[in-house]
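Trainee: I've got a model open on my screen and I'd like to learn how to read it. Can you walk me through a few features?

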Amino acid sequence: MKRLGLLLAGAPLLIAANAPAPYQSSPERRTIEETRDWGPWAGPFRDKLVPSMMRDFGERYLYAPANAKLAPPAPGEQRVVFMGDSITDLWNLERFFPGKPYVNRGISAQVTAQMLVRFEQDVVALKPRAVVILGGVNDVSGMLQMETTEGIVSNITAMADIAERHGIQVVLCSILPVTNTPEAQWVEAERKPAQLRAINAHLRQLAAARGYAFADYAPAMKTDKGLLKREFTKDGIHPSAAGYDVMAPIAAAAIARALNEGTR
């Protein structure tokens with residue numbers, strides 16, 4: 001009798017050719033042909049990243065050694081974890097917050113779904129008093145995963161839910177505006193300023209409704225057209241040192257509020 005191979009739950013299952021199809025609740029997966037030109041940098045980056053993400057979507061391996069070496073907070077220590085993407089990853093916290101027990105857990109190019117996957121390991125397990133959550137700008141570009149405004153806010157909300165469950169104070173952050181530069185004329189089309197503003201509006205509402213501290217970077221860094229001021233960036237997305245100079249006191253004030261709320 002002729003038999004056919006069928007992949008179910010990751011393992012091949014042999015069934016008779018004339019047997020009825022086995023039950024499966026989900027519909028057939030779609031097939032998508034890649035038509036977008038990702039350019040000379042993003043294309044090779046995605047080709048390298050995708051196979052690794054198939055093994056560890058959240059890229060939890062990146063901070064696993066550092067987490068293992070990090071001692072528990074000392075008595076009275078007000079540890080704060082910064083969770084985010086490249087804007088957090090490139091932020092030298094020791095320079096901008098000298099003497100503070102702040103831990104950087106940003107990973108460049110990550111989307112909020114990845115941040116959610118690694119939140120338990122890279123935030124909760126470190127036992128901070130507060131977490132600063134900044135993400136979403138990569139989601140709207142679609143480079144790693146297509147996500148809606150509602151989906152982005154849902155992922156950030158889920159991270160906040162986990163933090164609250166573990167007694168960790170939450171600081172939400174507005175996503176930085178973006179702008180085109182002479183070297184990168186594609187930024188606004190890819191990073192969708194209007195969608196970023198819509199996400200920020202939802203995050204402000206979420207913070208207000210739940211009493212979270214809110215680090216509102218965007219108003220201090222935008223032009224009257226809602227774009228990132230050129231003096232705060234070199235590539236239209238990431239802050240320069242001058243940009244981080246503006247962000248640091250805003251973050252510090254929001255953290256102080258969160259820690260104060262946590263002591264009541």
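Mentor: Sure, let's begin with a term. A salt bridge here is a side-chain nitrogen of Lys or Arg within 4 Å of a carboxyl oxygen of Asp or Glu. Keep in mind that this is a predicted model.

Trainee: What is the idea behind such a pair?

Mentor: Side chains of opposite charge can pair when their charged atoms come close. Take Glu190 and Arg191: they form a salt bridge, with the closest N and O atoms 3.0 Å apart. Arg191 counts as buried because its relative accessibility is 8%, and Glu190 is buried too, at 17%. The cut-off for buried is under 20% relative accessible area.

Trainee: Which residue forms a salt bridge with Glu190 at 3.2 Å?

Mentor: That's Arg36. The pair links distant parts of the chain, 154 residues apart: Arg36 sits in the loop between strand S2 and helix H1, and Glu190 in helix H8. Arg36 is partly exposed, with a relative accessible area of 34%. Salt bridges that share partners join Arg36, Glu190 and Arg191 into one network.

Trainee: How many salt bridges does a search of the whole structure find?

Mentor: It finds 8. Another one of them joins the side chains of Asp161 and Arg210, at 2.6 Å from N to O. Asp161 lies in helix H7 and Arg210 in helix H9, so this pair ties together parts that are 49 residues apart in sequence. Asp161 is partly exposed at 30% relative accessibility, and Arg210 is partly exposed at 36%.

Trainee: Let's turn to the strands. What is the order of the strands in the open sheet?

Mentor: To read a sheet, follow which strand pairs with which. The open sheet has 5 strands in the order S4-S3-S5-S6-S7, with parallel pairing. S4 and S7 are the edge strands, each pairing on one side only. From one strand to the next, the twist averages 20 degrees.

Trainee: Where does S5 fit in, and is it buried or exposed?

Mentor: All 5 of the 5 residues in S5 (residues 130–134) are buried, so this strand is largely enclosed by the rest of the structure. Look at the side chains: Ala130, Val132 and Leu134 point one way, while Val131 and Ile133 point the other way. S5 pairs with S3 in the parallel sense over 5 bridges, and 4 bridges join S5 to S6, also running parallel.

Trainee: Which residues stand opposite Val132?

Mentor: Phe82 stands opposite Val132 on one pairing, and Val171 in S6 stands opposite Val132 on another. To get from S5 to S6, the chain crosses through helix H7 (residues 149–165), and this β-α-β crossover is right-handed. Going on from Val171, its bridge partner in S7 is Ala213; S6 and S7 run parallel and are joined by 3 bridges.

Trainee: And the overall picture? How many helices and strands are there?

Mentor: The protein comes to 11 helices and 7 strands. Its C-alpha trace spans about 75 × 50 × 35 Å along the principal axes, and buried residues make up 46% of the 264 residues. For contacts with a separation of 6 or more, residues 24 or more positions apart account for 70%. The protein exposes about 14300 Å², with carbon and sulfur atoms supplying 55% of that area.

Key. Residues are numbered from 1 along each chain as its sequence is written. This is a predicted model: local features need pLDDT of at least 70, side-chain atom pairs count only at pLDDT 80 or more; totals for chains, interfaces and linings use all residues. Side-chain values use heavy atoms; hydrogens and water are left out. Buried means under 20% relative accessible area, exposed over 50%, partly exposed in between (1.4 Å probe, protein chains only). Helices (H or I, at least four residues) and strands (E, at least two) are DSSP runs, numbered from the N terminus. Two strands pair if DSSP finds at least two bridges between them. A crossover is right-handed if, with the strands pointing away from the viewer, the path from the first strand over the helix to the second runs clockwise. Axes are lines fitted to C-alpha atoms, for helices over the stretch in contact, and angles run from 0 to 180 degrees between N-to-C directions. Contact means heavy atoms within 4.5 Å. Accessible areas come from the Shrake-Rupley method with a 1.4 Å probe; for residues, only the protein chains shown count as cover.
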